[in-house]
Amino acid sequence: MNRSPDRYADPYFAGIGLGLALLAAYVFAGRGLGASGGFASVVASGTAVVKGTAAAASSPATGPYLDHGIMSPLHDWLVLELIGVMVGGFLSAWLSGRLRIAIERGPRVSDRQRIAFALAGGVLMGIGAKFARGCTSGQGLTGGALLSAGSWIFIMTCFAAGYTMAPLARRLWR
Amino acid sequence: MSQTHRLLAIVAAVLGGAAFLSSFSRSADPSELASEIEAESDHMSALDLATRIMHEDKNLRIFDLRSQAEFEQFHIPTAQPMAIEAITKSVLPRDADIVLYSEGGTHAAQAWVLMRMRGYRRVFVLREGIYEWQSRVMEPRLAIDATAAEKAEFEKASELSRFFGGNPEMGVPRSQVPSGYWTTQQSETPQTHTAPFRRRGC
Amino acid sequence: MIAPFSETGGLGSTGLLLSAPLIGLAFGWFLERGGLGCAPKLAGQFFFSDLTVFKVFFTAILTAMLGAFWLDRFGLLDLSLVNLPETSVLPQAIGGALFGVGFLVAGLCPGTSCVAAASGRLDGLAVMGGMLAGIVVFNSAFDWIEPLYRGTPLGAIRFSDWMGISTGAGVALITAIALCGFALVGRFERSRVSS
């Protein structure tokens with residue numbers, strides 16, 4: 001991979017492509033896209049392995065993700081979709097010369113700090129997405145395009161909180 | 001590039017504006033309503049309704065248009081009480097399947113027209129109101145000389161009936177089972193046959 | 001046959017499962033193409049230095065919203081059969097706020113972290129790990145959280161129903177807001193280039 005990476009696509013064209021993928025999900029699967037739900041499904045399957053299927057299936061936190069006690073997350077539409085997301089992201093990065101092992105970070109943080117913040121941010125998003133019943137994909141895009149009231153509440157509080165806290169996080173990125 | 005963006009923005013603006021305008025033309029078209037009534041697509045049978053309640057269909061909203069006292073005495077499971085004047089200002093999901101029932105069929109049918117005029121697209125009534133639920137779901141009857149087709153339908157109905165705590169009965173005299181009770185024998189005027197069932201309490 | 005095919009019998013359960021990775025593939029492809037696998041680019045959204053997220057996100061919503069609305073109107077898609085996420089006001093407001101802060105700190109959201117990880121970015125992998133840990137934390141505290149989690153439910157409802165306007169009017173409202181946003185963003189970026 002010695003070539004210089006291609007330029008990114010026009011954001012509006014990328015958005016239309018993304019919107020058509022979402023529309024295809026409505027048309028073929030009767031549901032939208034998601035990401036955090038797939039993570040939750042993996043966690044539920046992991047819980048089933050650690051604590052036993054019966055305990056995980058009867059818990060109100062993990063039960064809904066374990067359809068009839070099936071333990072493999074590969075039975076879940078969202079998990080399969082996420083695998084597709086990773087393959088799609090890989091292919092696009094590969095074909096545009098952007099595939100490389102690296103840590104993307106702001107200019108004023110070390111690699112180690114970046115990984116720590118990435119983990120911390122991930123934890124916050126995991127909790128937040130569980131509360132909100134979805135993330136930027138499952139609530140933001142999917143519910144947003146269907147005009148779901150809760151999805152628009154999510155979108156507004158998400159960006160409001162991000163912008164409110166941004167001055168405090170300036171050192172991370174600028 | 002910017003030219004393309006402008007074109008896309010215009011397309012989006014046209015589609016968005018037309019979406020707004022389309023909500024007017026859809027809501028009140030009497031000839032469309034008339035043809036729906038003609039095609040009888042405004043009805044839902046009590047057995048279909050029971051099946052969907054049993055499967056916990058989230059898309060279903062059931063409204064009881066009778067008085068509050070009657071509602072408290074007995075109502076279809078998951079139904080909510082609603083006064084008929086509240087129909088004109090209710091806020092419901094536009095795409096929900098809305099099922100209306102009243103004492104007989106009249107109030108529900110009138111409310112059906114109001115709801116359709118307000119732009120709700122999937123509105124249904126129980127043709128014979130609460131009596132249809134009583135006679136078809138709570139107390140399905142099978143005549144002693146029933147045909148095989150009637151027996152098959154009775155099987156399905158009694159399964160539903162037991163789910164809702166009903167009381168299916170077989171082997172009753174043919175005279176107690178109104179003609180047209182099972183779909184295999186079509187009747188022209190089903191309403192008149194519900195009278196024997198009205199006296200039944202809850 | 002009318003869509004959604006999974007509900008109307010056009011797509012069996014195997015077909016439904018097969019559709020998942022294919023649709024996901026397109027999702028991941030377009031995220032990466034738009035540059036949403038790169039954390040500093042996403043974080044730039046919060047500092048007004050890179051507005052790609054806003055553009056991609058709202059264009060995608062517009063496309064899917066207008067497409068779904070008109071397919072439904074022309075009778076090709078029955079939108080009432082498409083799963084509408086249910087609304088619970090308070091948990092979604094709180095969840096959104098927590099998520100927004102996490103997004104700011106991580107620089108990636110769950111979907112884009114998968115793309116970042118798949119293109120070799122180790123920070124993306126860390127966000128994925130953090131997500132899993134966060135969900136484990138939530139699940140283990142679930143008994144304590146449950147009353148809040150289940151509070152203020154409104155069911156599957158559109159904001160247009162809430163406001164008492166038609167779905168078409170809601171679609172028009174979002175379209176107008178998004179297009180105004182795009183115009184403002186364009187003006188902002190031009191003013192920054194010239195100054």
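Q: pLDDT is the predictor's confidence in each residue, from 0 to 100. Where in chain B is that confidence lowest, and where is it highest?

A: This is a predicted model, in which local features need pLDDT of at least 70 and side-chain atom pairs count only at pLDDT 80 or more, while totals for chains, interfaces and linings use all residues. Residues are numbered from 1 along each chain as its sequence is written, with chains lettered from A and ligands numbered from 1 in the order in which they are written. In chain B the low point is helix α8 (residues 195-198), with a mean of 40, and the high point is strand β3 (residues 97-101), at 92. Helices (H or I, at least four residues) and strands (E, at least two) are DSSP runs, numbered from the N terminus. Chain B as a whole has a mean pLDDT of 80, and 84% of its residues reach 70 or more.

Q: Which residues of chain B stay under 50?

A: Where pLDDT is low, the predicted coordinates should not be read in detail. Here that applies to residues 185-202 of chain B, where pLDDT stays under 50 and the model has 23 contacts beyond four places in sequence. Two residues are in contact if their C-beta atoms, placed from the backbone, lie within 7 Å.

Q: In what order do the strands of chain B form their sheet?

A: Two strands pair if DSSP finds at least two bridges between them. The sheet of chain B is open and has 4 strands in the order β2-β1-β3-β4, with parallel pairing. Its edges are β2 (80-81) and β4 (123-125), each paired on one side only. Between β3(B) and β4(B), which run parallel, there are 3 bridges; Ile98(B) stands opposite Val123(B) in β4(B).

Q: How many helices and strands does chain A have, and how many does chain C have?

A: Chain A has 8 helices and 0 strands, and its C-alpha atoms fill a box of roughly 50 × 40 × 35 Å along the principal axes. Chain C has 10 helices and 2 strands, and its C-alpha trace spans about 50 × 50 × 35 Å along its principal axes.

Q: How many residues of chain A are in contact with chain C?

A: Contact involves 110 residues of chain A and 108 residues of chain C. Among the helices of chain A that each supply at least two residues to this side are α5 (111-132) and α7 (149-165). The side of chain A that touches chain C has 70 nonpolar, 30 polar and 10 charged residues. Ala, Val, Leu, Ile, Met, Phe, Trp, Tyr, Cys and Pro count as nonpolar, Asp, Glu, Lys and Arg as charged, and the others, Gly among them, as polar.

Q: At what angle do α5(A) and helix α5 of chain C pack?

A: Two packed helices are described by the angle between their axes and the distance between the axes. α5(A) and α5 (residues 89-106) of chain C pack at about 165°, with their axes 7 Å apart. That angle makes α5(A) roughly antiparallel to α5(C) (under 35 degrees counts as roughly parallel, over 145 as roughly antiparallel, 65 to 115 as roughly perpendicular and the rest as oblique). The residues of this contact are 17 nonpolar, 7 polar and no charged. Gly121(A) and Gly122(A) are among those in α5(A), and Gly95(C) and Gly96(C) among those in α5(C).

Q: At what angle do the axes of α7(A) and α5(C) cross?

A: They cross at roughly 40° and come within 7 Å. That makes α7(A) oblique to α5(C). The contact includes Phe154(A) and Gly162(A) of α7(A), and Gly96(C) and Phe103(C) of α5(C). Its residues divide into 14 nonpolar, 7 polar and no charged.

Definitions and conventions. Axes are lines fitted to C-alpha atoms, for helices over the stretch in contact, and angles run from 0 to 180 degrees between N-to-C directions.
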